[in-house]
Each structure stands twice: as C-alpha cells, then as structure tokens.
Amino acid sequence: MGDIGVLAQLERDMQVKEHWDHQAKSCTVTRDYALKTLELREIALHVRDGMRVCDAGCGDGTALAYLAEKFPNCTFVGFDYSPEMVKASRRAAGVMGYSDRITFYEGSVLDPPSEIRSSYP
C-alpha cells in the first residue's frame, strides 16, 4: 500500500473511531433490544462456569455485563476501538458492581491491547 493508501486508511480509521465515540456519548449503541437479547442468549450457551471470556469490540459492555450476571464464577475482559466506549463500559461495570470481574481496554481487533495478547495466546 502506497503513502496515499496508508493515509486513506488512517482517515477511514479516524472516521470509524469518531462514529463510535459519538455513539458512546449519545447512549445510542444498542438499538434493537430483541436482536441483542438473541445474540446474548446464543453467546451464553457457550460459556461455562469458571471461564475467562474476551469480547473484542465490546462497545458499551452490555454483553459482558449480561454474562457477568449469569455467570458469577467467570471473569471477563473486553476491548474496543473507541476510548469513549471503554469509558462508558467501565462506568457501567462499576455501577452494576461487576468491576471486580470485568476489565476493559482500548484497542482494535487488528492490534489488541498487550494485556489481551499476553492473556489469550
């Protein structure tokens, strides 16, 4: 990829990050409650007691909070591209009383946080 391609990719990345930062600030992340509920039920079918669960692209942390409630003996880690989403996730986990079992980081799927890479080889 030439210099122009790299610059174009960086610009797209910034647009994506700005979009999700805006979503986090306006609290309009999960729009379709029924769809989100079905997704979470499907994920929960694969979680077992005592597991460590990682959510890449965790958004507002809703999925991990749901799983933390259902699986009190599991620990969870999530990361998201948007710093605002990570802040919102941390706040929500604290309010819900799950901050001792859910940890959030900023990072992308293509470049996960070092804490994730070392814990989930």
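Arginine 52 has threonine 75 as its bridge partner in strand 2. This pair belongs to a predicted model, in which strand 1 and strand 2 (residues 75-80) run parallel and are joined over five bridges. Between the two strands the chain passes through helix 3 (residues 62-70), and this β-α-β crossover is right-handed.

Strand 1 (residues 52-56) has two faces that differ in cover. Val53 and Asp55 make up the covered face, while Arg52, Cys54 and Ala56 lie on the uncovered one. In a regular strand, side chains alternate between the two faces of the sheet.

The next topic is the nonpolar core. The largest one has 16 residues, and those that touch the most other members are Leu64, Leu67, Phe71, Phe76, Ile102 and Phe104. Helix 3, helix 4 and strand 3 each supply at least two residues of this core. The largest share, four residues, comes from helix 3. What does leucine 67 touch, not counting residues up to four places away in sequence? Leucine 67 touches Ile43, Ala44, Val47, Val53 and Phe76. Of these contacts, Val53 is on the covered face of strand 1, and Phe76 is itself listed with the core residues that touch the most other members.

Charged side chains are the next topic. Side chains of opposite charge can pair when their charged atoms come close. The model has two salt bridges, set out below.

| Salt bridge | Closest N to O | Accessibility of the Lys or Arg | Accessibility of the Asp or Glu |
|---|---|---|---|
| Lysine 87 and glutamate 84 | 3.4 Å | 42% | 18% |
| Arginine 117 and aspartate 111 | 3.3 Å | 44% | 52% |

Lysine 87 and glutamate 84 both lie in helix 4 (residues 83-96), three residues apart, which is about one turn of the helix. Is glutamate 84 buried or exposed? Glutamate 84 is buried, because its relative accessible area of 18% is under the 20% cut-off. Lysine 87 is partly exposed, with 42%. In the other salt bridge, aspartate 111 counts as exposed because its 52% is over the 50% limit. Arginine 117, at 44%, is partly exposed.

Last comes the confidence of the prediction. The mean pLDDT of the protein is 82, and 78% of its residues reach 70 or more. Among the elements, strand 3 (residues 102-106) has the highest mean pLDDT, 95, and helix 1 (residues 3-26) has the lowest, 67. Where pLDDT is low, the predicted coordinates should not be read in detail.

Definitions and conventions. Residues numbered from 1 in each chain as written. Predicted model: local features only at pLDDT ≥ 70, side-chain atom pairs only at ≥ 80, totals over all residues. Heavy atoms only, no water. pLDDT = per-residue confidence, 0-100. Buried < 20%, exposed > 50% of the residue type's maximum accessible area, 1.4 Å probe, protein only. Pairing = 2+ DSSP bridges. Right-handed = clockwise from strand over helix to strand, strands pointing away. Salt bridge = Lys/Arg side-chain N within 4 Å of Asp/Glu carboxyl O. Core = buried A, V, L, I, M, F, W, Y, C linked by side-chain atoms within 4.5 Å. Contact = heavy atoms within 4.5 Å.
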